[in-house]
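I opened this entry to keep a record of what I looked up, element by element, and of what I found at each stop.

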Amino acid sequence: MNSLFEVLKKENLTTLKLRYNFRSNQFNALAAKEWEADADFSKYNKAFTVGSIQTDSGRHLNTSEVEAMFETHGVTSHYRKIQDLIRQGKHFGIDFLFHNKLNIRFVCGIHSNIRGLNNKSHATYAGATRRHGLDKAELDVIIDALNLSRAMTFKNIAVDIPFGGCKTTIQMGDLDIDNMEMMGFLAYACDTTRCLTGPDMSFPKTMVKVMNENFTMQYVGGPGSALGDTAIPTAYGAYLALKQAVKSQTGSESLDGMSVAVQGLGAVGYNMASYLASEKTTLYVTDLSEERVQQFIKEHPSCEVIAVSLDEILDVEADIFAPCAMGGILGDEEIAKIKFKYVFGAANNQLRATNQTEEIRLAKLLAERGILFQTEWWHNAAGVLAASEEYTHGFNQTIDDLMKKVEAILPTQTWKNLTKAKELGITPTECAYQSSQDLVYGEI
Ligand code: NAI
């Protein structure tokens, strides 16, 4: 069996916390039954709150009891793989929360809390919440949470916000924002993990309003909220950063005459492609949704837009590749064959790596092929900046103020990083890590 959630289910448990201290190489685990199978989460923050004791038949297992339980259920090798990933990525841990009745498998990857301590907020961590279908392998969902949470730690540093890095990946069926039990559970889980969050891939932005009106203020970035959808500043920041990358090679930040392959026309990709279309570019676009592609073409009549299939996008002979959908798209094989001069997009975790060493190795391969790449967390951070601004200042902050901050921070940071990397003779990815890693892994 390759599922920790199946163990929780068989043992009638609700919660599993894995913790790792990279300084001492120490692992701890805790498993618990914290609520009854028929608990009504639609009453969250009304009949009970975070911290309430929800059952009289609670159960808690310590590290050796958890490991013995995993052994009994034959998941030890799966657990060891997860431990290896946690160790290699120097993660703080993972929280697993299980809603048996609705089969919601909530995974919160927590990379580092250092920057979120003593920040005067409920949230210690910032990182969005993404949905995966129930058909996906549990390990892939966990890897996604871990990779994204590590990126969040560094992204939060890139825009200097006082939160550690986390990312929530929830395996469940379709979200029903009218199902208060479902929404209440997701709110409770978010609050217990102390995340500042918002909807990421496969969750609708409309969920934010339901969360805020009924359960929790830890969700931001909804259509009616103070600063709106975080995808817009994200796309703008990535676009401005790309222009600096081009300037570092051509001396001009103009994209006129350049061609760009855009992978994904979702919330971020559509906006990024629209910014790109505002210059005299040729765009190659692809998305799972043909409707989205056609809508983009229709709404940008003055730009040359060529639709290509999902499989073709990496083979396109364009100047720039802007990944704006899923992560893990560039490994050894893809890097060896792509013909772009720049890889600069807004998607998270573009390189197929689960730790910093591997990410830097792949970044070097790109550099060897003459492709300019900078780890994306350095330039796709305007979304979390927006989230943090909204969380901290609410309606006292305007979108104009936010966009001015994006203009001040993202392109400047990218220019500095690209220039410094050139001076030091290292890749921009190594350079970004060198500038930030002591804040995460250094002496405390
Ligand atoms: P989204 O769910 O709105 O859009 C993703 C789009 O990618 C969808 O249109 C989907 O159909 C498409 N897609 C899925 N698989 C694809 C494939 N194989 N090939 C081409 N297209 C495919 O998500 P969103 O918010 O636009 O996020 C996109 C990326 O940007 C993700 O990696 C996300 O983590 C990252 N990101 C998002 C931020 C935000 O504020 N929304 C902030 C920073 C990063």
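**Loop residues with positive phi**

I began with Lys120, which is exposed, with a relative accessible area of 87%. The model is a predicted one, and I kept that in mind for every entry below. Lys120 sits in the loop that runs between strand E5 (104-112) and strand E6 (125-126), and its phi is positive, about 65°, although the residue is not a glycine.

I then turned to Asn45, another residue other than glycine with a positive phi, here near 70°. I located Asn45 in the loop between strand E2 (26-33) and strand E3 (59-61). Is Asn45 buried, exposed or partly exposed? With a relative accessibility of 35%, Asn45 counts as partly exposed, because buried is reserved for values under 20% and exposed for values over 50%.

**A buried glycine**

Next I looked up Gly198, which lies in the loop between strand E9 (195-196) and helix H6 (207-214). Its relative accessible area is 10%, so I noted Gly198 as buried. Which residues touch Gly198, once its neighbours within four places in sequence are left aside? I found Ala128, Thr129, Tyr219 and Val220 in contact with Gly198. I also checked Arg130, which is 68 residues away from Gly198 along the chain, and the C-alpha atoms of the two are separated by 8.8 Å.

**Helix H6 and its partner H5**

From that loop I went on to H6 itself, where the buried residues are Met207, Val208, Val210 and Met211. Viewed down the axis of H6, these buried residues fall within an arc of 165°, so they line one face of the helix. On the other side of H6 I noted Lys209 and Glu213, which are exposed. As a reminder to myself, residues three or four places apart point the same way because an α-helix has 3.6 residues a turn.

What covers the buried residues of H6? The cover includes helix H5 (180-193), and I therefore looked at how the two helices meet, H5 and H6 being roughly perpendicular to each other. Their axes are 10 Å apart and the packing angle is about 80°. On the H5 side the contact is made by Met180, Met183, Leu186 and Ala187, and on the H6 side by Met207, Val210, Met211 and Asn214. Sorted by type, the residues of this contact of H5 with H6 are seven nonpolar, one polar and no charged.

**Helices H4 and H14**

I looked up a second helix pair, H4 (residues 138-158) and H14 (residues 428-441), which pack at an angle of about 105° with their axes 10 Å apart. That angle makes H4 roughly perpendicular to H14, because values from 65 to 115 degrees are counted that way. From H4, Arg150, Thr153, Phe154 and Ile157 meet Tyr433, Ser436, Gln437, Leu439, Val440 and Tyr441 of H14. The residues of the contact of H4 with H14 divide into six nonpolar, three polar and one charged.

**The six-stranded sheet**

I then followed an open sheet of six strands, whose order is E12-E11-E10-E13-E14-E15 and whose pairing is parallel. The edge strands are E12 (304-307) and E15 (372-373), each of which pairs on one side only.

Within this sheet I examined E10 (residues 259-263), which is mostly covered, with five of its five residues buried. Ser259, Ala261 and Gln263 point one way from E10, while Val260 and Val262 point the other way, and all are buried. This fits the general pattern, in which the side chains of a regular strand alternate between the two faces of the sheet. E10 runs parallel to E11 (residues 282-286), and five bridges join the two strands. E11 in turn pairs with E12 in the parallel sense over four bridges.

**Val285 in strand E11**

My last stop was Val285, which belongs to strand E11. Val285 is buried, with a relative accessible area of 0%. Which residues stand opposite Val285 in the strands beside it? I found Val262 opposite Val285, and Ala307 of E12 opposite Val285 as well. Beyond its neighbours within four places in sequence, Val285 is in contact with Val262, Leu265, Val293, Val305, Ile306, Ala307, Val308 and Ile313. I closed with Tyr270, 15 residues from Val285 along the chain, with 9.6 Å separating the C-alpha atoms of the two.

How values were computed. Residues numbered from 1 in each chain as written. Heavy atoms only, no water. Buried < 20%, exposed > 50% of the residue type's maximum accessible area, 1.4 Å probe, protein only. Contact = heavy atoms within 4.5 Å. Axes fitted to C-alpha atoms, helices over the stretch in contact; angles between N-to-C directions. Parallel < 35°, antiparallel > 145°, perpendicular 65-115°, else oblique. Nonpolar A, V, L, I, M, F, W, Y, C, P; charged D, E, K, R; others polar. Arc of directions from axis to C-beta. Pairing = 2+ DSSP bridges.
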